[in-house]
Amino acid sequence: MARPRTPKGRARRTHERLIEEYPEAKCELDHHNPFELLTATILSAQATDVGVNKVTPALFARYPTPQALAEADIAEVEVVIGSLGLFRSKAKNIVGMAQLLLEDYDGEVPHTMKELVRLPGVGRKTANVVRSVALGEPGLPVDTHVTRLSHLLELTEETDAVKIETALNPMIPAAQRGEFSLRLILHGRRVCGARKPRCWECVLNDFCPSSTA
Ligand code: SF4
């Protein structure tokens, strides 16, 4: 098969190969509805998904709805999520998020980027996770793995997350953007690590411009 010569061609070929490699790409934050995913994603800043999954069962048992969380005592929320970094600001943010959901959106998680990034603790990355995983909307979350692989695969030279998202969006069909991001993240964790990319076992090594294999 000919090597793809354009960034868009490499992005498409990358996703085709990663679909075969990781057919079940799933968000690793445990959740049952958009409100729980939004909460878990806010908590995941500078924390591992495993760490977040350890605190959310107790958190959602105690505060199962936006209403319950909006009325919570922040000090009590801090105790429940106290094993996570930045737990004080995160407790304040998730209670504030729940209050704004009730005040402005009838307790529902809104769908648009503009509405989501109004919520405390929610930036574009979190909004894109919630949009693509829980709301059925296009969204391409850009994290450190997506940034690194986009550079190694020479999909874009941009370094700002919003500019990377803008550059990648037209390369991937809207309905596949969330899964593309999830698969790049999985590949970054398992094969193309920041310290030592394992090019010799990478399924992208025949066309990746940075391959050392
Ligand atoms: S070939 Fe190497 S640098 Fe390229 S994506 Fe694979 S592991 Fe990363």
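**Figure 1. The whole chain holds eleven helices and zero strands.** This is a predicted model. Read along the sequence, the pattern is α-α-α-α-α-α-α-α-α-α-α. The C-alpha trace spans about 60 × 30 × 30 Å along its principal axes. The chain's radius of gyration is 18 Å, which agrees with the value near 17 Å for a compact globule of 213 residues.

**Figure 2. Burial and contacts across the chain.** Buried residues make up 37% of the 213 residues. Now take the contacts with a separation of 6 or more: 59% of them join residues 24 or more positions apart.

**Figure 3. Helix H1 covers residues 7–21.** H1 has 15 residues. From its first C-alpha to its last, H1 reaches 21 Å, close to the 21 Å expected at 1.5 Å a residue.

**Figure 4. One face of H1 is lined by buried residues.** Which residues of H1 are buried? They are Arg10, Ala11, Thr14 and Leu18. Seen down the axis of H1, these residues fall within an arc of 100 degrees, so they line one face of the helix. An α-helix has 3.6 residues a turn, so residues three or four places apart point the same way. Helix H10 (161–168) and helix H11 (177–190) are among what covers the buried residues of H1. On the other side of H1, Glu16 and Glu20 are exposed.

**Figure 5. The shell around the ligand has 14 residues.** Which of them come nearest? Cys192, Pro197, Cys199, Cys202 and Cys208 do. By type, the shell divides into ten nonpolar residues, three polar and one charged.

Technical notes. Residues numbered from 1 in each chain as written. Predicted model: local features only at pLDDT ≥ 70, side-chain atom pairs only at ≥ 80, totals over all residues. Near = placed C-beta within 6 Å. Nonpolar A, V, L, I, M, F, W, Y, C, P; charged D, E, K, R; others polar. Helix = DSSP H or I, 4+ residues; strand = E, 2+ residues; numbered from the N terminus. Expected span 1.5 Å × (residues − 1). Buried ≥ 20, exposed ≤ 12 C-beta atoms within 10 Å, placed from the backbone. Arc of directions from axis to C-beta. Contact = placed C-beta atoms within 7 Å. Rg over C-alpha atoms; globule rule 2.2 N^0.38 Å.
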